Amino acid sequence: MDSLNHNHNLNRQLPPPPPPQQPPTTTEETTTLMKLSLQKNTNKKRYIILLVLNYLSLFVGSLTSSLLAKFYFIHKGSSRWVSTWVQCAGFPILLLPILLPYLFNFTQRKPFKHFTKKLFFLSIIIGFLLGLNNLLISWGTSYLPVSTSSLLLSTQLGFTLILSFLIVKQKITFNNLNCVILLTLSSILLAITSHHDRPKGITKAMYFVGYFCTVGAGLLFALYLPVMEKIYREVYCYEMVMEMQLLMEMAATILATIGMVSDGGFHEMRRESKSVFDLGPRIYCLTIVANIVSWQLCFMGTAGMVFLTTSLTGGVCMTALLAMNVLGGVLVFGDHFGGAKAVSTMLCAWGFCSYVYGLYVNKKKEVDDNAIANNHDQMEMTQIVMDSH
């Protein structure tokens, strides 16, 4: 017995035997997992920053562009080609998000690296369609109050949902369907009561031209969103999105410039600034420049939101800003804000809240599922380590 106790104490004092030699891949796998975890956290932070910046860009651009476009027509500006041209002529601004990350070593990727011929031609074709969309928006803005045109554009959301389902297999849930129905009802209500909202000097025929041009612009944009989401699945970084956006805006600018030249738009700009615009040449130039910058912010934010989220989420975020556009039109230009428009705005807000709640529920479920999966993976890893010992 004493011998057994002696041997037992001796064994306790001696250092434990070394663990069996692990395959070299264990350390490599651990290092790889650590790197992937760090990269995931870094990418998550970058994703959140990009998401916030793009939504701010969309918010500021959408609100200011709608108000400035109406400001141009209110103060005797009349050229729809000028209004179309300013929506895309600021494409050089997009060089900033393309070049700055490379110049400040945020990325090692050179601008336009791995930019395929397919992406190039797709960008050009879609750019021409955007140019047509810009022209429709200009016609609608020239004939409608900014609050009415903003609410009418909400019709695109229903078509975005349908086309997203067909093109990118977007799931139709109760929350996003409820959102689309409410926003569509909002536009229908607005159309039924629109005869009280016609601006002075605008005939009934002109009003309906503006109405259908705005709805047409919404439909065209509804096609643009899911198509771009499908294309962005072949794009692996945010910089490539901005490069595509640059080419699209260049193509839209070419189309608008052709229209400007054929219709005497540049001569009209000089004439308007000197003798037509009732606030003088200086304010006219500032209005044009501000329009150019605000539209680029709007389109840049839209492209970023579609790339970072989905086409439907991007469309809903744009629609969520309609209430702000309506309020801006009422406060800045004194647009009529009767009971029907108030109900329409409330429907917009209700639909957006429904969609956001649906996103929250889905995200919470996704986080819970990931937590369960991670716990399961950790238990399996622990069991593997124990078995290896």
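**Figure 1. Arg 233 is exposed and pairs with a buried Glu 229.** In this predicted model, Arg 233 has a relative accessibility of 54%, so Arg 233 counts as exposed. Its partner is Glu 229, and the two form a salt bridge. The closest N and O atoms are 3.7 Å apart. Glu 229 has a relative accessibility of 9% and counts as buried. The structure holds five salt bridges.

**Figure 2. A salt bridge joins Glu 239 to Arg 46.** The side chains meet with an N to O distance of 3.0 Å. Glu 239 belongs to helix H10 (residues 238-262) and Arg 46 to helix H2 (residues 24-74), so the pair ties together parts that are 193 residues apart in sequence. Burial differs across the pair. Glu 239 is buried, at 5% relative accessibility. Arg 46 is partly exposed, at 38%.

**Figure 3. Helix H11 holds a salt bridge between Glu 268 and Arg 271.** Both residues lie in H11 (residues 265-276). They sit three residues apart, about one turn of the helix. Their closest N and O atoms are 2.6 Å apart. Glu 268 is buried, with a relative accessible area of 17%; the cut-off for buried is under 20%. Arg 271 is partly exposed, at 36% relative accessibility.

**Figure 4. The buried residues of helix H4 line one face.** H4 spans residues 95-103, and Pro 97, Ile 98 and Pro 101 are buried there. Seen down the axis of H4, its buried residues fall within an arc of 110°, so they line one face of the helix. Their cover includes H10 and helix H12 (281-308). Asn 105 comes just after H4 and takes a positive phi of about 60°.

**Figure 5. The largest nonpolar core has 53 residues.** Tyr 232 and Met 244 have the most contacts inside this core. Several helices each supply at least two of its residues, including H2, helix H5 (117-143), helix H9 (204-232), H10 and H12. Helix H3 (80-85) and helix H13 (311-320) are also on that list. In soluble globular proteins, nonpolar side chains tend to be buried together.

**Figure 6. Met 244 contacts seven residues beyond its sequence neighbours: Phe 115, Leu 119, Ser 123, Met 228, Ile 231, Tyr 232 and Val 235**. Neighbours within four places in sequence are left aside here. Tyr 232, one of these contacts, is listed with Met 244 among the residues with the most contacts inside the largest core. A second, separate core has nine residues. Among them are Leu 161, Val 180, Cys 348 and Tyr 355.

**Figure 7. Two cysteines, Cys 88 and Cys 285, have contrasting exposure.** Cys 88 is buried, at 0% relative accessibility. Cys 285 is partly exposed, with a relative accessible area of 46%. The structure holds zero disulfides.

**Figure 8. The whole chain has 15 helices and zero strands**. Of its 389 residues, 43% count as buried. Among contacts with a separation of 6 or more, 86% are between residues 24 or more positions apart. The accessible surface comes to about 21400 Å². Carbon and sulfur atoms account for 70% of that surface.

Key: Residues numbered from 1 in each chain as written. Predicted model: local features only at pLDDT ≥ 70, side-chain atom pairs only at ≥ 80, totals over all residues. Heavy atoms only, no water. Disulfide = S-S within 2.5 Å. Buried < 20%, exposed > 50% of the residue type's maximum accessible area, 1.4 Å probe, protein only. Helix = DSSP H or I, 4+ residues; strand = E, 2+ residues; numbered from the N terminus. Contact = heavy atoms within 4.5 Å. Areas by Shrake-Rupley, 256 points an atom, 1.4 Å probe, with all protein chains shown as cover. Salt bridge = Lys/Arg side-chain N within 4 Å of Asp/Glu carboxyl O. Arc of directions from axis to C-beta. Core = buried A, V, L, I, M, F, W, Y, C linked by side-chain atoms within 4.5 Å.
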